[in-house]
Structures are given as C-alpha cells and as structure tokens.
Amino acid sequence: MTLTFPLSVGDFWERLKVAPSAPFTLTDTAISSRTDDGQSFQSTRGVPLWTGPVVLAARPNRDARAMQSRIEMMARTGETFLAYDVTAQAPRSDPFGDRLGAASPTVGAINGSDAFAVAIGGLPQGYAISAGDMISIQTASGRLNLVRAVDDVAVASVAGLTPLFRIEPGRFAEVAVGNAVTLVRPLAKFKVEPGSFDPGRQDGVNTSGAGFTMMQVIA
C-alpha cells in the first residue's frame, strides 16, 4: 500500500492506540522584558502551535516494531499525520457526540477585527460549547485550524447559532462564515518531532513505554 500524507487517523493515529495521558498544549510564544525602572512589557513571537507527548499503550513486540518503522520514518522525513486530542474527543456537554447527531456545524459568524472570537451555527437548539472544548475549522483551502474554547459556555439559539465566544489560538485569517466545523474528534495536522521517539522496553511478549512528541503543522 502506498502511503498518502498527511496520514489519516485510521492509517496512523488510531492504530497507535494512544494512552490518554496528557492533553494537547500550546507552545509558549510570549516574550517578556523589564525596563531599568521596573516596568514590565510582554509581546509574542511566532504562532502558538499545538503539541503534546504521545504515550503508546503496550502491544505485542511484533506490532510495536511495525509501528516503530512508521514513526521513525516520519520523524526523519517530516511527513505529517492527522490527529485529535484523545483526552478531549467531544464537547464537555456531549461527551459521546450523541446530541450533535447528524448536525453539520459551520462557522456562523466572526469578528473581522478580533481573531479570537467565533460563533458556530448549524447546531441543535441549546447545544453548549464550554471552556476547554476543542474545535476544528476547515478552511476553503483545506487547512485545519484547531482551536479551544475559552469562555465558560456558549449556547446555541433556536436558530442553532451560538453567540461569539473567545477561542485560542486565534483563527486563521482565511477562516470565513460557512467553513465546516468539527466538534467530535476535531483534527489538526502534526509531525513527529525529530529525536523524540522512545521505542520503549520489551519483555518476552509485549513492548511498553514507547512514545514520541508531536508538533502541529499549519502549512
């Protein structure tokens, strides 16, 4: 089988059998400085990216070697894969996605002057987006913008539209009303950080403790 990149969740992420050990976190882009008279200033440099440690569940040694070959190849080549946060696979108010059902949410509104605000439409009435919920927006060009809700709660109206709520990191400039939104297993594109792979330890049957660090790719 010829591999197509980014690897789909079925071809890589879900085959890894990732242990839900740590949530995705954002890289720190803040820079602080202090003047001689004690005033503090803070700015940012670069774009915050999602990252996280990936800990693999124990598996038979033969299966572990097969996954090791793919992980190390990707670390060397910089090839990418799609993944979701296994600790936050769906909104807090709908942990299995049952209430969302067959709804097809989209970006319902944006604030052109505020990249940290978005509203979601196409939701069931009363559907709640809560702080910590992960949200993936797919732009017209196919880029995946993974964001996290920061406001305590944003509830969909009778028309299925939430009010504007705060997100982090900021949305891409190309995000537009009508872009598709994923709330259950929201995806982003990642790569394996070079040199981060730990093959784990083998006993006579299984390999345990394997893992690596992943870093978001937004290109």
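**Asp-85 and the strand pairings**

Modeller: Setting aside neighbours within four places in sequence, Asp-85 is in contact (heavy atoms within 4.5 Å) with Ala-22, Pro-23 and Phe-24. This is a predicted model, in which local features need pLDDT of at least 70, side-chain atom pairs count only at pLDDT 80 or more, and totals for chains, interfaces and linings use all residues. Residues are numbered from 1 along each chain as its sequence is written, and side-chain values use heavy atoms, with hydrogens and water left out.

Colleague: Which side chain of opposite charge is nearest to Asp-85, and how far away is it?

Modeller: Asp-85 sits in the loop between strand 6 and strand 7 (106-111); strands are DSSP runs of E, at least two residues, and helices runs of H or I, at least four, numbered from the N terminus. Asp-85 is buried (under 20% relative accessible area, 1.4 Å probe, protein chains only) but has no salt bridge. A salt bridge would need a side-chain nitrogen of Lys or Arg within 4 Å of a carboxyl oxygen of Asp or Glu. The nearest side chain of opposite charge (Lys and Arg count as positive, Asp and Glu as negative; His and the chain ends are not counted) is that of Arg-148, at 6.8 Å.

Colleague: Which backbone nitrogen lies 2.9 Å from a polar atom of the Asp-85 side chain?

Modeller: The residues in contact with Asp-85 beyond four places in sequence are Ala-22, Pro-23 and Phe-24. The backbone nitrogen at 2.9 Å is that of Phe-24.

Colleague: Which strands stand at the edges of the open sheet of 3 strands?

Modeller: The order is 5-17-16, with antiparallel pairing; two strands pair if DSSP finds at least two bridges between them. Each edge strand has a single partner, so one side of each is left without a neighbour in the sheet. These are strand 5 (59-60) and strand 16 (201-202).

Colleague: Which residue in strand 14 stands opposite Ile-137?

Modeller: Strand 10 (residues 134-138) has 4 of its 5 residues buried. Strand 10 is joined to strand 11 (residues 144-149) by 5 antiparallel bridges, and to strand 14 (residues 180-182) by 3 antiparallel bridges. Opposite Ile-137 in strand 14 is Val-181.

Colleague: At what angle does helix 2 run to strand 15?

Modeller: The open sheet of 5 strands has the order 1-4-18-15-6. Helix 2 (residues 61-77) lies across strand 6, strand 15 (188-192) and strand 18 (211-216). With axes fitted to C-alpha atoms, for helices over the stretch in contact, and angles from 0 to 180 degrees between N-to-C directions, the angle to strand 15 is about 95°.

How values were computed
Buried < 20%, exposed > 50% of the residue type's maximum accessible area, 1.4 Å probe, protein only. Polar contact = N/O pair within 3.5 Å; in protein donor to acceptor, adjacent residues only side chain to side chain.
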